[in-house]
There are 2 protein chains.
Amino acid sequence: MNKLPDIKSQFPEWYHEVVYQSELADQSPVRGCIVIRPYGTALWENIKDIVDKKIKDTGHHNAIFPLLIPKSFIEREAKHVEGFSPELAVVTIAGGKELDEPYVIRPTSETIIHYMFARWIKSWRDLPLKINQWANVIRWEMRTRPFLRTTEFYWQEGHTAHETLEEALAEVDLMLNEYVDLAENYLAIPVISGTKSEQEKFPGADKTCTFEAIMPDGRALQMGTSHLISQSFAKTFEMRFQNRQGELEYPYLTSWAVTTRLIGAVVMTHGDNKGIIIPPKIAPIQVVIVPILKKDADNNAVLATVQDIAQRLKAHNVRVHVDKNEHETPGAKFYHWELKGVPLRIEVGPRDLEKNQIVVVDRLDSQKKMISLPHFEQEILIALDGLQSQLFDRAKQRRDSMIKSIDKLVTFGPLLEKEGIAVITGWCQRPSCEALLKEYSASIRVLLDQATHNECFNCTNASKCDVIIARSY
Amino acid sequence: MNKLPDIKSQFPEWYHEVVYQSELADQSPVRGCIVIRPYGTALWENIKDIVDKKIKDTGHHNAIFPLLIPKSFIEREAKHVEGFSPELAVVTIAGGKELDEPYVIRPTSETIIHYMFARWIKSWRDLPLKINQWANVIRWEMRTRPFLRTTEFYWQEGHTAHETLEEALAEVDLMLNEYVDLAENYLAIPVISGTKSEQEKFPGADKTCTFEAIMPDGRALQMGTSHLISQSFAKTFEMRFQNRQGELEYPYLTSWAVTTRLIGAVVMTHGDNKGIIIPPKIAPIQVVIVPILKKDADNNAVLATVQDIAQRLKAHNVRVHVDKNEHETPGAKFYHWELKGVPLRIEVGPRDLEKNQIVVVDRLDSQKKMISLPHFEQEILIALDGLQSQLFDRAKQRRDSMIKSIDKLVTFGPLLEKEGIAVITGWCQRPSCEALLKEYSASIRVLLDQATHNECFNCTNASKCDVIIARSY
């Protein structure tokens with residue numbers, strides 16, 4: 001195993017290495033695709049369970065739609081095809097024959113789901129229709145990075161139809177807020193939420209809401225989106241319902257998604273020079289127990305205690321792993337589990353047994369703490385909660401220190417990359433000013449629901465709202 | 001909604017209609033693919049949770065491998081390519097360009113998983129490697145039927161590597177037994193398990209174990225398989241490990257899978273002329289509560305009781321749905337939930353309130369039973385358990401009556417279709433006798449671990465083992 005590159009001076013290299021060394025993922029023989037290894041899959045399953053519960057608790061139902069979409073479907077909605085056609089993977093041969101009409105592998109499922117919605121929605125009584133799908137999608141991206149941008153990725157895509165615009169807008173907000181709760185209270189990542197500019201909207205959306213985090217290098221990471229979809233989709237697929245007045249009407253549509261990119265956000269936000277750090281609420285292993293075994297000695301008492309500790313923690317629904325491997329030194333094990341970001345480590349050796357205590361080491365501050373055995377469970381639970389909050393607080397402090405309030409592009413433009421910062425400033429909402437950000441490889445990430453700057457970051461027109469500007473992933 | 005075709009006289013038509021009418025699935029615009037609707041998806045999720053727990057409890061870990069496989073991978077193993085190439089969907093264009101090497105959409109993932117195994121397995125310490133993947137796969141089938149055979153389907157595919165042949169064979173048996181437990185104790189479907197003949201093996205397997213059920217029309221349904229994979233896969237992908245003696249050796253491989261086909265098995269096994277019947281352990285809704293509301297009357301007392309009942313059942317982890325729809329009559333609701341196979345229905349009307357009782361109706365025998373309210377939860381739990389057993393017993397009785405012990409093909413051949421039966425008989429294990437079954441569109445489904453017939457079903461040679469012969473899905 002190679003030493004990790006320094007996280008401060010070589011952040012991209014650090015990220016690339018830590019994803020593989022921590023065994024979240026491995027490279028694959030398929031262009032731009034990774035293999036998500038068991039540790040990464042367990043992390044994704046934990047995140048997925050939280051999201052799935054949120055989706056179901058808010059009245060949505062999962063369904064499963066085909067992977068393949070007739071090519072003509074994608075082409076029906078003008079903006080949609082413009083946005084996605086450069087990235088499509090196309091099946092032209094199947095069952096040994098050239099197909100009359102090719103299929104594309106879904107880059108997103110609006111078109112096929114709206115086709116089905118049109119079959120299912122007849123009357124206002126069929127609304128709201130609130131569907132979610134857990135799926136793999138493919139977008140043939142030019143540059144890929146593990147988890148952050150891969151040719152194939154996993155996500156959930158919610159798709160809903162509503163009687164009124166107000167109801168649809170409320171749905172867009174509802175799911176955005178659920179996502180923000182996921183990010184802050186489970187992934188321990190502070191985020192900024194708001195709307196996207198016209199330029200940055202989803203292809204085919206009337207409105208796109210986003211929640212973004214600022215990574216340690218100052219770049220913004222879009223963690224997920226919630227859209228009000230243009231009614232042109234409903235028109236394209238002849239999705240109409242009889243309203244309460246008996247008239248035929250087009251429903252209002254939303255879609256919203258989070259992806260395996262969230263894993264990349266967790267890695268970048270919390271990691272350090274020792275490896276990744278996984279917040280306790282989503283950690284596949286919350287506590288690793290390392291018995292300190294002596295060569296040529298009777299280790300049975302230690303091993304029995306370790307088993308007992310593991311059982312007692314499991315009874316409190318703590319996810320525990322006992323590392324009994326006899327071929328590695330305790331030091332090698334510590335290194336390994338720190339690299340993999342397990343929140344707490346418990347060490348138990350013969351001397352600890354004598355004192356009826358265990359040693360607990362926190363992944364964040366590496367401090368050793370002695371805990372007496374009789375009632376250690378509560379202390380572990382408190383330590384896990386504490387670590388969850390500390391990770392969030394630390395990330396928020398850093399994030400806040402990285403967003404600078406600066407009035408003018410001439411000032412902040414060159415600083416974005418050089419100092420690794422993001423900027424909060426004012427904008428007149430004209431695309432011509434927005435376009436100048438390209439010179440700095442930056443963009444408007446979020447339009448905020450506030451206006452504290454008087455002037456646009458570029459021109460002398462009045463600012464209509466504050467915006468966050470940053471380079472991005 | 002059309003009346004269902006008669007299950008006895010029009011079984012295939014009944015199946016086709018009931019799958020759509022019960023809202024398990026809908027037809028899709030993609031050749032041979034269905035949309036699995038929310039009710040079908042919830043059923044699949046329940047089955048998936050049971051299987052996933054079994055897989056994890058037996059020491060396997062989930063991982064996620066790419067959907068696309070380089071075409072050359074499939075071609076590396078001779079029998080494998082012969083088995084799958086007619087069914088492949090091929091991506092030839094991606095990102096707007098013709099690909100130098102096409103990708104196929106996985107029909108199964110042995111090749112790409114073994115490629116990764118070769119990277120991960122270096123020493124006997126890395127073994128056993130026990131991986132599972134939940135995935136969608138595509139096989140371009142000629143004739144498709146919802147759930148039973150679809151172009152795209154969902155499954156789990158387990159892939160393991162072991163130090164010794166004995167260990168690999170034990171793994172094949174272990175997972176076969178887990179599947180049999182799933183079928184009998186959760187899906188309430190009695191199955192016959194055993195090995196496949198050379199002819200019927202998985203392309204590239206040294207040994208295929210199967211578990212099959214006999215459907216009401218006498219056809220066998222292969223519900224899942226567990227294979228000892230040929231070492232030629234390990235050789236093809238240069239998967240070698242250093243054994244305990246320090247020598248390089250090829251590991252022994254297994255794979256095993258169950259698919260969304262299980263839903264079709266449940267529908268066919270338990271359904272009747274009113275619709276499907278879902279065994280309580282996997283039912284998305286175990287109890288539906290229908291309040292009997294009076295027009296222009298105060299229904300608050302009934303509605304409050306219904307809410308209370310629902311809460312009390314939820315506290316016992318019963319999956320409850322309250323059908324408060326005001327636009328449908330109770331009769332229409334009864335019809336609807338019977339069609340969807342909900343195990344128990346509770347009716348609560350004003351007169352029931354006066355008597356402090358509820359009416360419970362069993363989906364299997366339609367008998368109305370009064371239960372007094374104060375301690376109704378236990379009675380509901382007992383009724384659900386009872387229904388689970390009754391469904392299994394009923395299916396087993398029918399299955400046993402449909403398998404006839406008949407010595408000779410000339411006798412049973414014509415009866416297979418005409419009388420809708422399956423046959424247990426003897427076989428000399430020569431392919432030439434097996435080949436004659438094609439005349440009756442039948443095949444050897446399972447080789448049993450017993451030999452009670454003296455002679456082969458075709459020739460006068462001694463029988464080497466009993467076999468089950470049937471037409472099949």
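What rotation superposes chain A on chain B? In this predicted model, the answer is a turn of 180 degrees, with 0.0 Å of shift along its axis and an RMSD of 0.0 Å. That is how a two-fold axis relates two copies. Looking along chain A for the C-alpha nearest the axis, one lands on Val91(A), 2.1 Å from it. Both copies use the same surface, too: 100% of the contact residues of chain A recur in chain B.

Next comes the contact itself. Chain A puts in 41 residues, and chain B puts in 41 residues. On the chain A side, quite a few elements chip in with at least two residues each, among them strand 2 (34-36), helix 2 (38-57), helix 5 (110-120), strand 7 (129-138) and strand 8 (152-162). Strand 3 (61-62), strand 4 (68-70) and strand 5 (89-94) of chain A are also on that list. Strand 5 of chain A gives the largest share, with 6 residues. Sorted by character, the side of chain A that touches chain B has 25 nonpolar residues, 9 polar ones and 7 charged ones.

Strand 5 of chain A turns up again in the way the two chains are joined. This strand is linked by 5 bridges to strand 5 (residues 89-94) of chain B, and the two run antiparallel. Within strand 5 of chain B, Ala89(B) is the residue that stands opposite Ala94(A). The pair belongs to an open sheet of 6 strands, with antiparallel pairing, that reads 4(A)-6(A)-5(A)-5(B)-6(B)-4(B). At the edges stand strand 4 of chain A and strand 4 (68-70) of chain B; each has a single partner strand, so one side of each has no neighbour in the sheet. Going from one strand to the next, the twist averages 45 degrees. A step further into chain B, strand 5 of chain B is held to strand 6 (residues 97-105) of chain B by 4 bridges, again in an antiparallel run. Here Val90(B) has Val104(B) as its bridge partner.

Chain B also has an open sheet of 5 strands, in the order 16-15-17-18-19, and this one has mixed pairing. Its edge strands, strand 16 (320-322) and strand 19 (368-372) of chain B, each pair on one side only. Ignoring direction, neighbouring strands of this sheet are turned by 25 degrees against each other on average. Inside the sheet, strand 15 (residues 287-291) and strand 17 (residues 344-348) of chain B run parallel and share 5 bridges. One of the residues involved is Val290(B), whose bridge partner in strand 17 of chain B is Glu347(B).

Two helices of chain B pack on this sheet. Helix 9 (residues 300-315) touches strand 15, strand 16, strand 17 and strand 18 (357-362) of chain B, and its direction makes about 170 degrees with that of strand 15 of chain B. Helix 12 (residues 376-402) touches strand 15, strand 17, strand 18 and strand 19 of chain B, with a direction about 5 degrees from that of strand 18 of chain B.

Finally, the domains. For chain A, the domain assignment gives domain 1 (11-270), domain 2 (280-386) and domain 3 (403-471). Between the C-alpha centres of domain 2 and domain 3 of chain A there is a separation of 48 Å.

How values were computed:
Residues numbered from 1 in each chain as written. Chains lettered and ligands numbered in written order. Predicted model: local features only at pLDDT ≥ 70, side-chain atom pairs only at ≥ 80, totals over all residues. Contact = placed C-beta atoms within 7 Å. Nonpolar A, V, L, I, M, F, W, Y, C, P; charged D, E, K, R; others polar. Pairing = 2+ DSSP bridges. Least-squares fit on C-alpha atoms with pLDDT ≥ 70 in both. Axes fitted to C-alpha atoms, helices over the stretch in contact; angles between N-to-C directions. Domains from an automatic or database assignment.
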